[in-house]
Structure formats: structure tokens, C-alpha cells
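Got your viewer open? Load the model and let's take a walk through it, one selection at a time.

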Amino acid sequence: MKISRRKFLEIGAVTSISSPFLISGCSRNQKYAEQGNTLFEQFQNPPMSARPFVRWWWNGDKITQDEILRELDLLLEAGIGGVEINPIRFPDGCDPVGYESLEWLSPEWLQMLKVTLDGAQERGIICDIIVGSGWPFGGEFLEKDEQTQLLTFETIDLEGPGQHTFQLNELLEKVDPGIHSKNDKVYREIEGIRLVRYEMKDFDPGLELMDQVKDGKISFEVPEGKYVLYYLVKLTGFQAVINGAPGAAGPVLNHYNKTAVDKYLNRMSEGLSGIMSSMGDHFRGMFCDSLEMEGANWYNDLPEEFERRRDYALTPYLPFVLYKIGHMGNPLDEEYGCKFSSQVELDLQRVRYDFYITRMELFRERFIDTFNTWCHQNGVKSRIQAYGRGYHPLEASMDIDIPECETWLRDTVGNEFSDTGWRGRAYSEINKFVASGARLSGNNLVSCEEITNTTMVFNATLETIKVTGDQSNLSGVTHSILHGFNYSPPDAPFPGWVQYGTFFNERNPWWSYLKLWTDYKARLSEVFMNADPVADIAILHPLADMWMKFGPQRDPFPVVKYPPYQHNVWEAVQQHGFGCDYVSEKIIQESTNSDGHMGYKSRKYSTLILLEVETILPETAMALDKFAEAGGKIIFIEMTPYRSPEFKDSAKKDAQVNDIIDNMLSQYPERVGVFPRPDIELIVWFENIRERFNLKPYMEISNPDRFINQNYFKNKDLDIFFISNSDANTSREIHVKFDIKGKLPSLWDPETGERSSLQYNINDTRLNLHFGPAESKLIVFENPKKENLSISEAQLPFQSQEGDDSSLPMTLEGPWTLNLEHVNGSINSLELPELLDFLEDPRLKTFAGVAHYARILDIDDPGNYSTIDLGEVVGVSELKLNGKSLGIRWYGDHSYTLGQNLEAGKNELLIKVTTVLGNYLKSLEDNPVAKRWVRWQKYSSQGLIGPVRFLSN
């Protein structure tokens, strides 16, 4: 239910209803059960480990002792609990002002690292550090065999009969994928040349021509007809580290080469040993950033490993299972090569699947396992963004101590929420995979590169940051690594050294208010990291089908979403009061089944949804049958699986899959069935699924809302619900019924650390929940103490708290005195006849800083008013009435309780509004840093827009 913002404020937070009850004003003296005390005390005073960390970009490694310590103090004061030390290339357009770069792992660099670690330890700040620099890691020191490899190909259409001759160097020059981060020196080697008939009805590997290479060229006869010349090329060292700092730039490491991985990691730990006896005494974790490997897919022994694992040879199929690639390793959208019959195409898809599975296995064994072992031997945790083409999107995060995903700040966040797609979402498509993998492995620490921002660097408000962070938690995140904090000395020209990300910096006007959000975020994280999320529905994506047809995707930015709605189904599930995890075929195969549930370690699911899955392994089909036999519900969206993905013995395995699935459908029709793909809103579509299969949520929502979502956690005897409104403009309401018996709810306030009881009938678990713009609620059900039972059992009727309508709202007209403190140091004063958006006044359009609005009021009867509502405010507001502070509002409704502070006669009203930097930086046309980040952004609304109104009791 959508409620207009101003109407919501007029009627107050409480509406008269008989039953159920509405969350509204709360008493603060209720006694709580003993078992809740421990977590609540942690919630009140969260440790540094729960506080947001920052990615601390050491820009160009131009670091000094004094500045390191100054910045640590800044971070501590802002409520930051930890830093990820992140050496990185010096940012474009910035003035180094004479500071010299220190080379990674050099004695001078190590000394500054020691200063950092000692300073952090003195302040209680926790440290992680990135392995190497930039991403994916590598370095100028790598030998050829240690550098990343890409096996790719090119094609030439030919028609015979005729003789053809090609120079090998000309063939090699044609192979130049559109790599984003090209290395200067690339080794190119032809690995095979084949002549293949254009039309392939039955598979034919073609004629191998490598034996006809002589004197740097190849000559051969083409028979009559249409043919295609395929030639395979191995590129070694083709990619450079993205934004590598001095000493760790150059070619990317080959992560399929275990010896090279070991050598690289040991180089770092041996370097660090010069300033510490144990890495674990100084670091929490070693971090591996995004492995955006631009299509890297090869090591020299891959064909042998493929044959050993898959029991057939890869080489005959190699040219045909590869894609031509471009930017970031994405397949090119163009036609090339042979025309395959449908059967040959299917066979090649199956070989392609086997190829990807083999690579993922090798990647896990040679990189992830090696990285983990190295970390644990050195007493630290592994922290990895384990997604991208080398990883299994879910299972890889199960192997990591601190799996990490990413959440982006975008201009649509808080303003819209499309039915499918990404608009309005801050969390990336990979978040739910990472969080599910963590939960399946029993890990409650789900890290997130959070508030990542490349389009609103200087326009991010604390309100948008809050909505972004709340959405991140909804996707399963429990801890934040902010993106990011730039190492930037005070003498760097304004706005300083800016590498990336939301401008978390003391030069940002709202910096002094940041701790309001970091306190809020820390309290939530402490609860989420110490509670187990509840999920009753499992979702299987058609990963095998996608890999066969399109290849693994560049997560978290997939080119292909298959099916198109795949990343939005979990939202609809949770919007209806359920919890869900993604699962994989391996998880299904290894689960136990009993009493209508599929169990994997501590996770239990009563329902499994398969999203347009055509292809599964026979072992998975057998596991599905056992789940159905045990009473579980299985919902096939649009179709049932009918084939196996593997190439070897495919006909036999296809028959197995078909027989098992057909038997399930006929034997368990009441709980196994097919449901059509969505052709309506997902939220309505899932409601229809719920009714068709009689699914029972833990929190029944009678009017689900696309903008409102929730998570349910358990901690011992506590039942914890985090519910959030992602709409930053509009108040919303939902009606819920909790499946919680014999407990009383309270509100835990993450902003203050306080808790308050709710009026609630213990025998009627319904509540109406009102949410202001961008508001979230943490509702905790606890066992009541005996002295509280009499209250709850009395089933007291709810009393309306609506005010007397005799006093109408009073709108404050102008004039207003406006005093301006600009970030450039200038101070100015204006008279405003009326409130306006700064965009409407040329004098204010490019302002950034603090605006003070002043007005003298004449009030006849102060008792008529209880609240002052500032209306629309873009920025952080602070209000004083007659010299007394009434508080700060940094998101949502900017309304303040007057208390006894409004007096009869004259009253002095002061409103302080703090803006963002964006409009000012957009006006600095000669500032290279500003130009880099604001050239595509528009001027945005700023200031106190109003109307300002006094509202009645």
C-alpha cells in the first residue's frame, strides 16, 4: 500500500484499527527475557569487527607516515572499524604535489605498512590487505609461463577448388581481442590450423594443417565447395593488471598455474616477514579483488586434465567450443565459422559444458585451494570476490572464509523499482549467489564491496547510501567494506586524489554526519553476523543450460540473463514473506531428505523451484525424486528437465533424466508440477505459485509491495525480522501476520541502540506496519517474562492515537534569511521571499556546503502543534528552535517533535541543511578531477525546498 508522504505525516504514525495492531509509539520500560540480553548488548555496542570497513586506496603508493596516521584518526572518528589496505595506480588527472611513489614490497613501502599496522592496532582498527595491487593481481616480475593465457581463434571463409597461402605473422596479427586492459608485451603462438567443411551435418574435426607450415607460412589445397579455415592462437601475457601500483603492475598471473600462484603468494608473505613474525598478528584477512580475467581460459596441461576427468579428448572440439571474445572477455555478437546441424550444435554445447566444468575444477584446485592454504598457514582468513568466468557462481563462495559480493549506488536507487532487471536495485546480480553459498557452508559473515559508485561520486547523499546499504542486507550481506576511502593529503588540490567510489572524505560537506550511518550499519551487522537467516525455499538456476548456450557470464555484470527474470525471483519470494537460497546441482545431490524437507548442513527447504531448467545430471534427477518421495514440493517453471549436459554417454543419460522426471510427475502430482513462466508482474506471478502449491510463509503479507522486502533470522530463542522500504520518496504500509507463537515483539532501533515494546496481542500475530520513506525496522520476538503475560493475555483493545482535528497544519511562508557557508571558503547571505530548489536560482545552482535558514515566528497557541515538518529536503537537516536542538534528519521524512520548545509569541527557527558537492564540482570546468567524474551527471536538486509546516497534535 502506497501512502502519500504528506498525508502520512498529517495522520501521524498510528491509524485507528481494532485488530490487528499497528506499530507506532512504544513504551520503553518493558522487561525482556534473559536470553535476549547478550545479543542486545552486542547490538547496543557493536565491536569494531561489525563496523563498516573501508577500501583504503593508497593512490600511487605516495604514502607518508604523518598522513597515514592522520587518515586513521579520521576513519576512527567516523565510526569505521577496519581498513582494507589497497595499493593502486595513481588516479588520472590528480596532482601528486611532489610526493614520490614507493614500490610495492620495497623496504620503504614495508616501513610505511608497519607504521599503518602499528597505528591501526593502537586505535583498535582491524586491517585486511589486498594481495598484490589492482585486479586481477600480477606483476612486472612474472615469467612468461606464469602469465595469464587465453586460447582463442580466428576464422577465414574459403571456397575451392584452389591453392591458398598465408603468412603466419599475418594470421597472428588478425588475432587481437578487444581487451579492456591490454598488456604491452603479448606472446602469440599458433596452436593449430584446420580446414573444415562449411556445412557440418555430422561432427567432423576437419583436416589438421600444422604439418604444412614451412618458413613462416602455410600453403594448402582447398577442395571444391565452401570451407572455413580455423586457427587456434594462444595469447600469453595478454592482459595487464587493472590499475596496478608500481611493483605490482604488468601482466596478470595465470590462476590455472598452481606453481605460479604459490610463487606469487609466497613472494608477498616473504616480503611481509621482514616487518612481522606472523601475518595473523596484524591482519584479519588477505583480499582478492574481482578476477576480471578478460576471457583467460588456458594452461598448457588443460587438454590432458580434460581427458583424465571427462574420459575423452578435447582437442578435436577445441575450435568449435570457443567463442571469439571482446571487451572483458564477453563473446562477440556476430556470425562466424561453420554452419552446424542441430545435433552437432547440441554435441558441441555438451563438450562446451564439460570444458567449463573442467576449468572450474582446475581453478578451484589451483587457485582457491592454494589461496586458502596460504592464508591459513599464515594465520589469516581468505577474503575473495569469488565470481566471474573462472568460478562457479555459488559453490566457489562456499570455500572462502570471507566471501564477498558487491553493491552499487545508482541514481535509480530509492526512486524506482522495476519489475525485473536492475533499475532501483543497488545489490548486484551475484549477491544472492554469494550469500547463499556462504549460508550453505554455515558461514554468517558475508562481506560486500558496498556503495560502489562511478556515476554519482559527488552526488551521493546519506539517504541514498542508507537505501543502498539496506538493500545490500536484504540480498544477504552482513558486513560492509565501503568503496571507498582515498588516501589524499590535505595539500592535494581540491577535491583531492580520487580513484573511485562514493566520496567518503573529510572534504565532503556531510562527512561529519557519516557516523550516524556507520553506527546504524554496525548495529545491524552485529545482529546479522550472529544470527541464522531462515530460508524455506530453494531456487535452482539453469546454469548448465546457460553455460552450454552462452557460456559462463562476467558476473556481476552478466551480458546474458537466462531466463531474463532469473535474478529477480528471489525478490518476489521474500516480498511474500518467505526466505530463499540459491542452490546448485551438487547441493541437491548431497542433501538429505526427510519429513518433507531437503537438508544441507543447517539449511532446510520444503520447496524447490527450478527456473526453466532443461538440462540436469542424472544424479540430480535421482536426488529430486528422493526429495519428492520424502514429501518435498518441486515446482518446474515452464518446462521439465529432459536431458543431461555431459557429452559422454549422453543418450543413455538423457533417457535416465526423462524417465525419472516423468515418474515424479505422475507419482506425486499434488506436490510436483509445472508452472508457466511469468507473463505478469513477478510479485503477482509468485502469489499464483503460492496458491497453486499451498506454500505457507513465515510472515504472511496480505498486500506485498515491490518496494518492501524482508529477511528473517533466528538467534537462540530470538526471532528477528529486518524489513525495509526502498522507496526514498513515499511512505508505504504492509499488513503482516507472523508465524511466531507465544512471544512478544519489540523494536530494536539501529540508529540509537534502544529498544521499545510494541502493542501486540500474543494470541493474534497480525501487525500493520507503516514505513516512512527509506525507513527500515528491526522487529525482534522474545519470550515474555511472567510479569508480561498478564498484559498480553488481557488482549487489550488498541487505542487510537490520532490527534484532534481542530487545529489545521500551519504552513510557514517567507521571507527567509539564508546564510551560506560554501566549501570554497566563501560566506554569503541572501533573503529568500520563499523556499525553492537551489536549481531555480542562478546564485544557488552551483552551491555546495552548509545552508542556514533563519526565520522569526509569531505563535498564538503553541499547544496546537506537536511537530514541524520541513517538507522536501535534499541533504542533511538539523533544526534548532529557540536555541535548542531538536535533532538531525539524514534520510526519509525531515519532521521534528516540538515538545515544549514552541513558545507563545516570538520564536527563533534555525534550519541547517548540508548539501552534496556535485553541483559545485560540475561548475569547475577547469578542474581535471571534477571533469573526470561529473561530466555525465546532471545538476541535481539541493536545499530546503519545503513547504515547512507545523502539524497539529
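How far apart are the mean positions of the positive and negative charges of the protein chain? Select the charged residues to get a feel for it: there are 96 positive and 137 negative charges, and their mean positions are 2 Å apart. Keep in mind as you go that this is a predicted model.

**Stop 1: the whole chain**

Switch to a cartoon view. You're looking at 22 helices and 46 strands. The radius of gyration is 31 Å, close to the 30 Å that the globule rule gives for 953 residues, so the chain is as compact as a globular protein of that length. If you draw a box around the C-alpha atoms along the principal axes, it comes out at roughly 105 × 75 × 55 Å.

**Stop 2: surface and inside**

Now turn on the surface. About 35200 Å² of the protein chain is accessible, and carbon and sulfur atoms hold 47% of that. Hide the surface again and look inside: 63% of the 953 residues are buried. Next, try showing contacts. Among those with a separation of 6 or more, 81% join residues 24 or more positions apart.

**Stop 3: the cysteines**

Select the cysteines and show their sulfur atoms. How many disulfides are there? The count is zero. Zoom in on cysteine 288, which is buried, with a relative accessible area of 0%. Its closest cysteine sulfur belongs to cysteine 375 and sits 9.6 Å away, too far for a bond.

Then move to cysteine 448, where the nearest cysteine sulfur is 4.1 Å away, in cysteine 405. A disulfide needs two cysteine sulfurs within 2.5 Å, and cysteine 448 is in no disulfide. Cysteine 448 also counts as buried, at 0% relative accessibility.

**Stop 4: threonine 846**

Last selection: threonine 846. Where does threonine 846 lie? Look in the loop between strand 37 (827–832) and strand 38 (849–859). Is threonine 846 buried or partly exposed? With a relative accessible area of 28%, threonine 846 is partly exposed.

Now bring up the surroundings. Setting aside neighbours within four places in sequence, threonine 846 touches His822, Asn919, Tyr920, Ser923 and Tyr939. Add serine 940 to the selection as well: serine 940 is 94 residues from threonine 846 along the chain, yet their C-alpha atoms are separated by 9.6 Å.

Technical notes: Residues numbered from 1 in each chain as written. Predicted model: local features only at pLDDT ≥ 70, side-chain atom pairs only at ≥ 80, totals over all residues. Heavy atoms only, no water. Helix = DSSP H or I, 4+ residues; strand = E, 2+ residues; numbered from the N terminus. Rg over C-alpha atoms; globule rule 2.2 N^0.38 Å. Buried < 20%, exposed > 50% of the residue type's maximum accessible area, 1.4 Å probe, protein only. Contact = heavy atoms within 4.5 Å. Areas by Shrake-Rupley, 256 points an atom, 1.4 Å probe, with all protein chains shown as cover. Lys, Arg positive; Asp, Glu negative; His and termini not counted. Charge placed at Lys NZ, Arg CZ, Asp CG, Glu CD.
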